Amino acid sequence: MPTAVRSHAKINLGLYIGAPRPDGFHALTTVYQTLELHDIVTVTARASSGTSIRLTSNDARVPTDARNTAWKMVELALEALNLPAEVEIHIEKRLPVQGGLGAGSANAVAALVGLETELGIASRQISEPEGQRVSVRDWPARRLEIAARVGSDVPLFLIGGAILGLGRGQEVYPLPDIEPVWCVLATPEIGVSTPQAFRDWDALCAAEGLTAEASVDKLRELSRAYASAFAGEIPKGRQGAGSSGVLSNGENLAGPLESALVRTGISSWIQNDFERVVFPQHPSLAEIKRILLGSGTPEAACHASLSGSGSALFGLYRTRGDAEAACQRLEAAGVRSQLTRTLPRTKYWGEMLLP
Ligand code: C5P
């Protein structure tokens with residue numbers, strides 16, 4: 001029986017970039033937040049004498065070979081488990097292919113979850129005669145390590161909900177969830193290269209004289225502020241299953257985002273450093289942010305930003321009506337958009353496997 005897995009998008013609620021590290025990557029402080037919007041990844045697997053992987057997709061832009069993150073993840077996992085298998089992966093693309101939403105990284109984790117279900121990894125009694133195989137006990141930590149090898153924003157999808165991202169973005173810490181917030185994604189047809197955006201950031205830092213020490217201090221200060229703002233958000237007596245705060249469709253929010261983020265004045269300095277290098281090159285993206293914000297209107301956003309290095313942008317809204325008004329403003333400007341909500345951790349895991 002194939003296993004079908006939801007593969008959710010993420011946004012960045014703020015993204016601060018430090019100086020380049022000796023390994024060429026950049027230190028980051030970010031808060032990732034998963035969204036309801038998702039692709040579907042279907043996995044069929046059975047143990048075999050040798051490993052073979054076949055990957056298909058409904059979208060011709062998705063690579064169907066070892067360049068695909070889902071392929072890499074499955075290959076590395078089978079190798080670590082010393083468990084050869086015949087695996088078929090199908091990726092049904094529903095998310096926009098535009099960058100910034102972590103879609104490819106989420107596909108990698110969804111493929112892993114599908115593989116684990118198909119092969120019964122969690123319940124498997126893996127013997128370790130030569131100490132070669134990873135024991136089931138060690139697997140949760142090992143899979144995080146494998147995810148980080150596949151990409152900096154893959155491990156976040158092994159946590160879900162609101163997540164503090166440090167290091168090069170691969171060091172992930174679950175944050176107390178914020179209750180679902182209406183979110184509009186704008187997906188302009190512009191491609192932004194992440195490595196190039198990082199290089200542009202370096203050039204900007206060199207021009208502005210940002211030292212490695214100053215940037216480390218800034219990142220520390222920001223991660224403390226983020227953690228404290230979110231820590232204060234644990235709802236009293238609702239830390240259990242109820243904290244997913246699942247809303248019925250059409251229900252409005254009483255400003256939970258504000259209580260989490262605005263209370264500490266955090267929204268004034270939640271920003272995405274990539275905007276400083278991406279907006280000057282693509283002024284239309286700055287204009288889309290302005291449309292998402294709708295400042296001065298009754299339907300104004302709580303927050304709007306580029307996600308990752310873009311080109312996707314998002315706006316967060318107090319009510320469904322406010323979010324729909326943003327979609328209409330974008331449509332009038334000829335920009336594609338999708339309405340969704342932020343997805344808390346309990347719901348992320350609770351609904352990951354399709355029946
Ligand atoms: O880890 P990932 O494959 O997503 O990174 C893609 C590229 O983005 C890296 O090769 C690097 O150029 C850049 N990057 C970076 N600093 C990070 C994450 C990515 O410079 N923290």
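There are 16 salt bridges in this structure. Keep in mind that the model is a predicted one. I will go through a few of the bridges and then turn to the nonpolar cores.

Take Arg143 and Glu116. These two form a salt bridge, and their closest N and O atoms are 2.9 Å apart. Arg143 belongs to helix α3, residues 139-150, and Glu116 to helix α2, residues 103-119, so the bridge ties together parts that are 27 residues apart in sequence. Are the two partners buried or exposed? Arg143 has a relative accessible area of 14%, so Arg143 is buried. Glu116 is buried as well, at 14%.

Next is the pair of Arg276 and Glu208, whose side chains meet in a salt bridge at 2.5 Å, N to O. Arg276 sits in helix α7, residues 275-281, and Glu208 in helix α4, residues 194-208; the pair therefore ties together parts that are 68 residues apart in sequence. Arg276 is partly exposed, with a relative accessible area of 39%.

The side chains of Lys218 and Asp273 also meet in a salt bridge, with 3.8 Å from N to O. Here the distant parts being linked are helix α5, residues 212-231, which holds Lys218, and the loop between α6 (256-262) and α7, which holds Asp273; the two residues are 55 apart. On accessibility, Lys218 counts as partly exposed at 30%, while Asp273 is buried at 2%. The cut-off for buried is under 20% relative accessible area.

One group goes beyond a pair: salt bridges link Glu36, Arg341 and Lys347 in a network.

Now the cores. How many residues does the largest nonpolar core have? The number is 46, and the residues with the most contacts inside this core are Met73, Val74, Val87, Ile89, Leu115, Leu119 and Trp139. Two or more residues each come from β2 (26-47), β3 (52-57), α1 (69-81), β4 (85-92), α2 and α3. Helices α2 and α3 came up earlier, as the homes of Glu116 and Arg143.

As an example from that core, consider Val74. Which residues does Val74 contact, leaving aside its neighbours within four places in sequence? They are Ile53, Val87, Ile89, Ala111 and Leu115.

Apart from this core lies another, with 29 residues. Among its members are Trp182, Leu285, Leu313 and Ala326.

To recap, helices α2 and α3 are tied by the bridge between Glu116 and Arg143, and both helices also give residues to the largest core. That is where I will stop.

Notes. Residues numbered from 1 in each chain as written. Predicted model: local features only at pLDDT ≥ 70, side-chain atom pairs only at ≥ 80, totals over all residues. Heavy atoms only, no water. Salt bridge = Lys/Arg side-chain N within 4 Å of Asp/Glu carboxyl O. Helix = DSSP H or I, 4+ residues; strand = E, 2+ residues; numbered from the N terminus. Buried < 20%, exposed > 50% of the residue type's maximum accessible area, 1.4 Å probe, protein only. Core = buried A, V, L, I, M, F, W, Y, C linked by side-chain atoms within 4.5 Å. Contact = heavy atoms within 4.5 Å.
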